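Subject: Structure handover and notes

Dear colleague,

I am passing on the structure we spoke about, together with some notes that may help you find your way around it. Please have the sequence and the model open beside this message as you read.

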Amino acid sequence: MTSPTYTPPHVTAAYQLQWSYSIFWHETPTDFEWLETLKSAVEPDGLHLLKHHFEPPHTSQFLISSLPAVTPLLIAQRVKGRLQHLLRLGPRTFRRNYALRSVGSTKREKVEAYVASQLRHHPLADPRVAARFEKYQIHSPAIDLAAPQETAHARYWYNLHCVFVMRDRERHVQETTLSTIQTTLIKAAEKKEHRLSRAGILPDHIHLAVGCNLHESPEEIVLSYMNNLAYATKTALFDFGYWVGTFGEYDCGAIE
């Protein structure tokens, strides 16, 4: 079995990962003095609790940022679990269902439009090469990243904008390489049941807009695509770093 080229200890992450998380009380709470203690309690889990808003009669809404290694499922478990422990509450304090939204500095439609416009942002001098790249962009109109996903207890939106830069900014324009990149991205997304809405494939970098599953961390998702592409192209295709950000129907200003 081939060892992965890109692993967490050897890759630098730049990220902006933020979430709106809603839990539902069985009874209307009368005390919210636990907020600062809860902030401290979730820090070791890689979570930063930014805001809390109570919407009567039963809903607590949190704005949370997270580290790349944290799964959305862990966010849901830890915030509710830590709060339940802090208040010495019984198992029936909260309803079992919850809602989780990925949010970012920019709304979904702008992120998808930005990924779609990459060739216009980075025009290629040779029209023949430009036409070649047009052919290898990915757009899946049937995929709607605005639509919620559901589990037995969750309603969620988990969308990531991922950026990988080619190693040493080397420019890859060969038809075989572009075809391999496009095919590998599509197959990897299908295998992992990701909703790959857009991919902007450029000579020296790649953008993805993709919907993901609760049990996978942003770090795990990004590295899996990087390693799949490295394996398919038989080279360490990317720099040992990446950028990843959450996005959704609301930006952080609207959530706050």
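What follows is a walk through the model, taken region by region.

Please keep in mind throughout that this is a predicted model.

**Strand 2 and its neighbours**

A good place to begin is strand 2 (residues 18-25), where 8 of the 8 residues are buried. Both of its faces are covered, with Gln18, Ser20, Ser22 and Phe24 buried on one side and Trp19, Tyr21, Ile23 and Trp25 buried on the other. Strand 2 runs antiparallel to strand 4 (residues 59-66), to which it is joined by 7 bridges, and phenylalanine 24 has threonine 59 of strand 4 as its bridge partner. Strand 2 is also joined to strand 5 by 7 bridges, again in the antiparallel sense, and here glutamine 18 is partnered by valine 103.

Strand 4 has a further antiparallel pairing, with strand 3 (residues 47-55), which extends over 8 bridges; within it, histidine 53 is the bridge partner of glutamine 61 in strand 4. Strand 3 and strand 4 are connected as a hairpin through 3 residues. Proline 57 lies in this loop between strand 3 and strand 4, and the peptide bond that leads from proline 56 to proline 57 is cis, with omega near 5°. In general, most peptide bonds are trans, which is the reason I mention it.

**Aromatic residues**

A search of the whole structure finds 11 aromatic pairs. One of them is formed by tyrosine 21 and tyrosine 98, which meet edge-to-face at 5.8 Å centre to centre, with 70° between the planes. The pair links distant parts of the chain, since tyrosine 21 belongs to strand 2 and tyrosine 98 to strand 5 (residues 94-103), 77 residues apart. Tyrosine 21 has a relative accessible area of 0% and is buried, and tyrosine 98, at 10%, is buried as well. Both tyrosines belong to one aromatic cluster, whose members are Tyr21, Trp25, Phe32, Trp34, Phe54, Phe62, Phe94 and Tyr98.

**The open sheet**

Elsewhere in the model, 6 strands form an open sheet with mixed pairing, in the order 1-12-9-11-10-6. Strand 1 (12-16) and strand 6 stand at the edges with a single partner strand each, so one side of each is left without a neighbour in the sheet. Inside the sheet, strand 9 (residues 159-165) pairs with strand 11 in the antiparallel sense over 7 bridges, and leucine 160 stands opposite valine 210 of strand 11. Helix 3 (residues 108-116) packs on the sheet, where it touches strand 9, strand 10, strand 11 and strand 12 (241-247), and its direction makes about 40° with that of strand 10.

**Helix 6**

Helix 6 (residues 175-191) has 17 residues and reaches 24 Å from its first C-alpha to its last, close to the 24 Å expected. Its buried residues are Thr177, Leu178, Ile181, Gln182, Thr184, Leu185, Ala188 and Ala189. Seen down the helix axis, these buried residues fall within an arc of 165°, so they line one face of helix 6. They pack against helix 5 (127-135), strand 6 (138-139), strand 10 (195-201), strand 11 (205-211) and helix 7 (218-233). The face of helix 6 turned away from the buried side carries the exposed residues Thr176, Lys187, Glu190 and Lys191.

**Backbone points to check**

Most residues other than glycine have a negative phi, and the following ones may therefore deserve a look. Glutamate 193, just after helix 6, takes a positive phi of about 60°. Arginine 169, in the loop between strand 9 and helix 6, has a positive phi of about 55° and counts as partly exposed at 45% relative accessibility. Lysine 234, in the loop between helix 7 and strand 12, has a positive phi near 60° and counts as exposed at 75% relative accessibility.

Finally, proline 4 lies in the segment before strand 1 and, at 47% relative accessibility, counts as partly exposed. Its C-alpha atom is separated by 13 Å from that of threonine 233, although the two residues are 229 apart along the chain.

With best wishes

Note on methods. Residues are numbered from 1 along each chain as its sequence is written. This is a predicted model: local features need pLDDT of at least 70, side-chain atom pairs count only at pLDDT 80 or more; totals for chains, interfaces and linings use all residues. Side-chain values use heavy atoms; hydrogens and water are left out. Helices (H or I, at least four residues) and strands (E, at least two) are DSSP runs, numbered from the N terminus. The expected span of a helix is 1.5 Å times one less than its number of residues. Buried means under 20% relative accessible area, exposed over 50%, partly exposed in between (1.4 Å probe, protein chains only). The arc is that of the directions from the helix axis to the C-beta atoms. Contact means heavy atoms within 4.5 Å. Two strands pair if DSSP finds at least two bridges between them. Axes are lines fitted to C-alpha atoms, for helices over the stretch in contact, and angles run from 0 to 180 degrees between N-to-C directions. Rings of Phe, Tyr and Trp (its six-membered ring) pair if their centres lie within 6.5 Å; planes under 30 degrees apart count as stacked, over 60 as edge-to-face and the rest as tilted.
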